[in-house]
Amino acid sequence: MISRRHFVGTTAALALGGVRMPELFAQSQDLVLVNGRIHTMDEPRRVVSQVLIQNGRFAEVGNRVRARGARRIDLKGRTAIPGIIDAHNHIVLVGNRPGWHTPLEHVFTIAEAVAALQARSAAVPRGEFVTTVGPVAANQFAERRLPTLTELDAVNRPVYIQAAQGGTRTNSEGKAWLEARGVTVGADGAIAGPALALALQALRKELLTPETRTRTALGALDYYARLGITTHRDGGAFHVDAPSGGVANENTYTMHEPFLALHREGRLPARMRLDFLHQDSPAANPPLPTLGPRLRNAFPFFGDEWLKTGGIGEFTGGGVDGLRAIARAGWRAEDHALNLAMVTNEIKDRETVNAEIPIRNLRWIISHIPEFPVDLANRMNAMGMGVLVGWGPLRNGTNVGPPYRMLMTHPIRKGYHSDGGDITVINPWLNFYTIVSGKNLIGQPILGDQTLTREEMIWLATAANKWFIEEDDLGSIEAGNHADLAVLDRDFFTVPDAEITRTRSVLTLAGGRIVHSDLPLPA
Ligand SMILES: [Zn+2]
């Protein structure tokens, strides 16, 4: 049972705006939502107008539920969907960023970005860094570039933006701080080459404490709750022992601590599912120096509904021997594939292992799969494996995949992931825009004829992801399931393509608790 402590200290100050929850709403309570267009994503894909929520779960779903004295929220015709499950991202990396991390995935011009940074700086002590490291991209802005030093000087704090795509920028105050530490900064605030690693390393070394990590982890989860994500499955990081200059690097033995702290305090606004990334060399002697102890000493799927361990991924490490060890231990395994050669080899290795130790019931996964012909889908499906797809809005080229349309008509298990946090964005609506319209963030067609309908898109990011988190009572609005749901600020199913990127949630529920609301709520 979650207590009201869940919300004490939660800042609602992030750039998306919103209001602090009235005290009455802090606890899970019976709610009835009425007058909605509620896309349930249940098996007949019903669209209903009402849901009753009791004890954190959907109790009734339909057009005439019994209110039974529950608190009533009128959705006034708004569209609602199940809480989004991002079945593989790098939220744990994002939660460990140095400085006052300021998510910027919902702004689309330089002026909006600067305004969001200015709004954020009001809550930041003088002289302390306002930062955005990872899930932001030059191509999301109309100007197709990051803000310059001069533009960032409108923010009255040192600023540091390191984008997944489009470079790294600071302002005058940030430049002075970084130059004092030997980091070369261009006159326009750009940081590149070896200076970049030095800059991020210095920020991590001097700014990170357990308290700042916990603050950033909570801020990131709150932010994505405002975009409708209620479950994150984390794909890990590259292990380093000391503060590193690599954006995908963290100490993989300690980086979960801020999330564990939030969980301990009952303050997680979204569900966390944590996989363990391993990179042992196939030639290591003794073999499997990190994967072996993990499989012997840890537990897969251990935890509770808010935070749970998962499997090994998104790298398994150790070559075929690593896969054998994982199969023998009965764990889930996931690797990503960046091209056709890579996914072909990965499938061959899994066929080798599967011939010795059947993996059919272990739900092994390959993610990204940009190029993926149907014969590979057949071979993976024959082993009971699934594919995670997404990873698109920053990509260039024609027919860069994955082949969403082919997969939708294929029996193989498929689900949605952003893979965002270090090399791309997490904002689901930027990803959905690409998958539905076929266009990247600068409007170039990249998917050929492989786009999805909007209904398929939401299904892929909700009900289809049940299989990937191995939980049946999340991902659809059905009686008995956890009451995770997002009420959208526009009708995703009918708005013009160009409006999809600006979609956000005006009311997000996780386990029946209001974790975000812009709606006027009855006291
Ligand atoms: Zn990943």
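In this predicted model, Val320, Leu323, Arg324 and Ala327 of helix α9 meet Asp349, Arg350, Thr352, Val353 and Glu356 of helix α10. The axes of α9 and α10 lie 10 Å apart, and the two helices pack at an angle of about 40°. With that angle, α9 counts as oblique to α10. The crossing of α9 past α10 is right-handed.

Helix α10 also has a second partner to look at. Spanning residues 340–356, α10 packs with helix α11, residues 374–382, at an angle of about 25°, and here the axes are 10 Å apart. Angles under 35 degrees count as roughly parallel, and α10 and α11 are therefore roughly parallel to each other. In this pair, α10 passes α11 in a left-handed crossing. On the α10 side the contact is made by Leu340, Val343, Thr344, Ile347, Lys348 and Glu351, and on the α11 side by Leu376, Arg379 and Met380.

One residue of this contact can be followed in detail. Ile347 is part of helix α10, and its relative accessibility of 0% places Ile347 among the residues that count as buried. Which residues does Ile347 touch, leaving aside its neighbours within four places in sequence? They are Ile366, Phe372, Leu376, Arg379, Met380 and Met383. Taking Leu376 as an example, 29 residues separate Ile347 from Leu376 in sequence, while their C-alpha atoms are 7.7 Å apart in space.

A further helix pair is formed by α6, residues 210–226, and α7, residues 257–264. Their axes are 8 Å apart and they pack at an angle of about 75°. That angle makes α6 roughly perpendicular to α7, because angles of 65 to 115 degrees are counted in this way. Helix α6 brings Arg213, Thr214, Ala217, Leu218 and Leu221 to the meeting, and α7 brings Pro258, Phe259, Ala261 and Leu262.

Attention now turns to the metal site. Which protein residues serve as donors to the zinc ion? His88 and His90 each contribute an NE2 atom, Glu314 an OE atom and Asp419 an OD atom, with distances of 1.7 to 2.1 Å from the zinc ion. Along the sequence, these donor residues follow the spacing H-x1-H-x223-E-x104-D. His88 and Glu314 link distant parts of the chain, being 226 residues apart: His88 sits in strand β8 (residues 84–89), and Glu314 in the loop between β17 (307–312) and α9 (319–329).

The geometry around the zinc ion can be read from its angles. The 4 donor atoms subtend angles of 87 to 166°, which makes the arrangement irregular. For a tetrahedral label, all angles would have to lie between 85 and 135 degrees. As for exposure to the surroundings, His88 is buried, with a relative accessible area of 1%. Glu314 likewise counts as buried, at 5% relative accessibility; the cut-off for buried is under 20%.

Several loops carry notable backbone features. In the loop between β16 (271–276) and α8 (291–297) lies Pro286, which is joined to Asn285 by a cis peptide bond with omega of about 0°. Another cis peptide bond, with omega of about -5°, joins Gly401 and Pro402. The loop that holds Pro402 runs between β20 (386–390) and α12 (404–408).

Positive phi values also appear at residues that are not glycines. Asn35 has a phi of about 60° although it is not a glycine, and Asn35 belongs to the loop between β1 (31–34) and β2 (37–39). With 39% relative accessibility, Asn35 counts as partly exposed. Arg363, also not a glycine, has a positive phi of about 55°. Its place is the loop between α10 and β19 (365–367), and at 25% relative accessibility Arg363 counts as partly exposed.

A final stop is Asn63, in the loop between β5 (57–62) and β6 (71–74). Is Asn63 buried or exposed? Its relative accessible area is 51%, and Asn63 is exposed. Leaving aside its neighbours within four places in sequence, Asn63 is in contact with Val48, Ser49 and Gln50. Between Asn63 and Lys348 there are 50 Å in space, C-alpha to C-alpha, and the two are 285 residues apart in sequence. Lys348 is one of the α10 residues in the contact with α11.

Notes: Residues numbered from 1 in each chain as written. Predicted model: local features only at pLDDT ≥ 70, side-chain atom pairs only at ≥ 80, totals over all residues. Heavy atoms only, no water. Donors = N, O, S within 2.8 Å, 3.2 Å for Na, K, Ca; no water. Tetrahedral: all angles 85-135°; square planar, octahedral: opposite > 155°, others 65-115°. Helix = DSSP H or I, 4+ residues; strand = E, 2+ residues; numbered from the N terminus. Buried < 20%, exposed > 50% of the residue type's maximum accessible area, 1.4 Å probe, protein only. Axes fitted to C-alpha atoms, helices over the stretch in contact; angles between N-to-C directions. Parallel < 35°, antiparallel > 145°, perpendicular 65-115°, else oblique. Left-handed = near helix turned anticlockwise from the far one by under 90°. Contact = heavy atoms within 4.5 Å.
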